[in-house]
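Student: Hi! Could you walk me through this protein model?
Tutor: Happy to, let's look at it together.

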Amino acid sequence: MATPPLVKKKETKQPSGSPVGLLQGWKDRLPMDVAYWDFLTDRVERLARDYGFLHLETPILEDARLFTILKEKDVEADQLITFQDAEGPVLALRPDNTLPLARAYREHGFANLPQPVKIYYLGPQFRREKISSGRLRQFTQFGLEVFGDPSPVVDAQLIAATFFLLQDIGVDIRLHLNSLGHEECREKYEKMLVEYYRTRRSVLCDDCKARLNKQPLRLLVCEVPGCREVSQEAPPIVDHLCEADRAHFVQVLEHLDEVEVAYELDPRLIRDKAYYNRTVVEFHAPTADGRTIALAGGGRYDGLVAAVGGEPTPAFGLALGLERVILAMKEQGVQPPSLTPPDVYLAQIGDEARKKSLRLFLDMRHEGIRVAESLSKEGIKAQLESATKSRSRFALILGQKEIIDGTILLRDMENGIQEVIDFQKIIPEVKKRLHKIAVNGTPPLPPPPPTPEPTTFHRHTHG
Ligand code: AMP
């Protein structure tokens, strides 16, 4: 197998002496995005479980030949990131999960299980994308795949599940659909396209001229204005499907109509992988600058399991790009619901209190209380500000006076009321209050507060 060249030198070159930085096209996942990731992974995993999908994770590395079995047409071959391993074959970082899952389906004998077999995955994929394109070389996909069922209701169910998932998250989306028919249909259609474009060859860009005979479908998606105009008039494939493929597609649409999923028929949607047949699908989101980005894509791939050496097995799959969904959420101002706030925020003043707080922190965690702290902070003002920001239900304040008295202040962050509690009884007291809130919601305001002198705050001068 020809190994595509590794990252071009000019892209990785660092000025000599400068610190080694992140590779271009790769990204750190930063703490400020954690709320988005937690929210999304929770949503997609819940969806997969609700729909009865089994979780299967394949390795990140595969024998590179797996991704080039469809070499003739597979435009992904040059996107593969490959390594010559010292021990043996050329390895590839997986560019998507569909081929690895088809391999796993064959190797683990899933054809012997009751069909269909429904599988989901959630993990990183790797592609040698053009640096300038703004695409990532490592990105995260959540995917749903159904093996062993050719019926159109499978296509419709996964499309609808993804549609409602994105709608519930709150992002504005457009669903694009097309059918590529089966191989024979497509070959006939490609011949027709070649004829169509040949008579308009003079207005095509050089790339399209070069692709005309080898990959005529690719001409439909060329963005060069002249080519685009020609493509808009091109005959749509759905008008040239055989009877069986047409009926299959019509049924997919009827099922979607039934559950009120809005879609657009898109004759230019061909997907860039060779293994698709019949239904193909993409979900797009508008961006602030008037463009659109693809959030998810997929389709039917009835020939893929056989292509990796298994029995002929119909299949349908869809993959959602999580970084893209987060991007769309940010562009459209969709906030993830915040993380569950802590039950208690622990504030302390002075060395003795800090020592005791460390113990109390561990004991509370041990008792199942969600506790936040700032043991390295000193000023009470800053700590109470952090407590407010954390949206904790209670704050515990341990100062020098409390250490001497064997007490601790319990502050209700909702009404600001503070009470002095025996230090030994603070954990059962907090648990009792949390339990009450869980059962009754927030209790009504108690009688006028025995607010202690905030001497603890005044006494503290540094920090
Ligand atoms: P595909 O496997 O190409 O159909 O991609 C499915 C989804 O994965 C796309 O709709 C994107 O949301 C996401 N995706 C694909 N390639 C990239 C990339 N290079 N960077 C970020 N997200 C991507």
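Tutor: We'll go through the sheets and the ligand, one topic at a time.

Student: What should I know before we start?
Tutor: This is a predicted model, where local features need pLDDT of at least 70, side-chain atom pairs count only at pLDDT 80 or more, and totals for chains, interfaces and linings use all residues. Residues are numbered from 1 along each chain as its sequence is written, and side-chain values use heavy atoms, leaving out hydrogens and water.

Student: Cool. What's the strand order in the open sheet of eight strands?
Tutor: The order is S1-S5-S6-S11-S10-S9-S7-S8, with mixed pairing. Strands (E, at least two residues) and helices (H or I, at least four) are DSSP runs numbered from the N terminus, and two strands pair if DSSP finds at least two bridges between them.

Student: Which strands are at the edges?
Tutor: Strand S1 (54-55) and strand S8 (264-265), each of which pairs on one side only.

Student: And how many bridges join S9 to S10?
Tutor: Eight bridges join S9 (residues 277-286) to S10 (residues 292-300), and these strands run antiparallel. Histidine 284, for example, has alanine 294 in S10 as its bridge partner.

Student: Okay, new topic: the ligand. Which residues are closest?
Tutor: Arg127, Glu129, Leu136, Arg271 and Leu295 are the closest of the 14 residues that surround the ligand; a residue counts as near if one of its heavy atoms lies within 4 Å.

Student: What kinds of residues make up that shell?
Tutor: Six are nonpolar, two polar and six charged. Here Ala, Val, Leu, Ile, Met, Phe, Trp, Tyr, Cys and Pro count as nonpolar, Asp, Glu, Lys and Arg as charged, and the others, Gly among them, as polar.

Student: Which strand gives the largest share?
Tutor: S10, with three residues. S6, S10 and S11 each supply at least two.

Student: How far is glutamine 141 from the ligand?
Tutor: A polar side-chain atom of glutamine 141 lies 3.0 Å from an oxygen atom of the ligand. A polar backbone atom of leucine 136 is 2.8 Å from a ligand nitrogen atom.

Student: Back to sheets. What's the order in the one with five strands?
Tutor: That open sheet runs S13-S12-S14-S15-S16, and the pairing is mixed.

Student: Why is one side of S13 and S16 left without a neighbour in the sheet?
Tutor: Strand S13 (371-373) and strand S16 (418-422) stand at the edges with a single partner strand each, so one side of each has no neighbour in the sheet.

Student: Do S12 and S13 run parallel or antiparallel?
Tutor: Parallel, with three bridges joining S12 (residues 344-348) to S13. Tyrosine 345 stands opposite alanine 372 in S13.

How values were computed. Polar contact = N/O pair within 3.5 Å; in protein donor to acceptor, adjacent residues only side chain to side chain.
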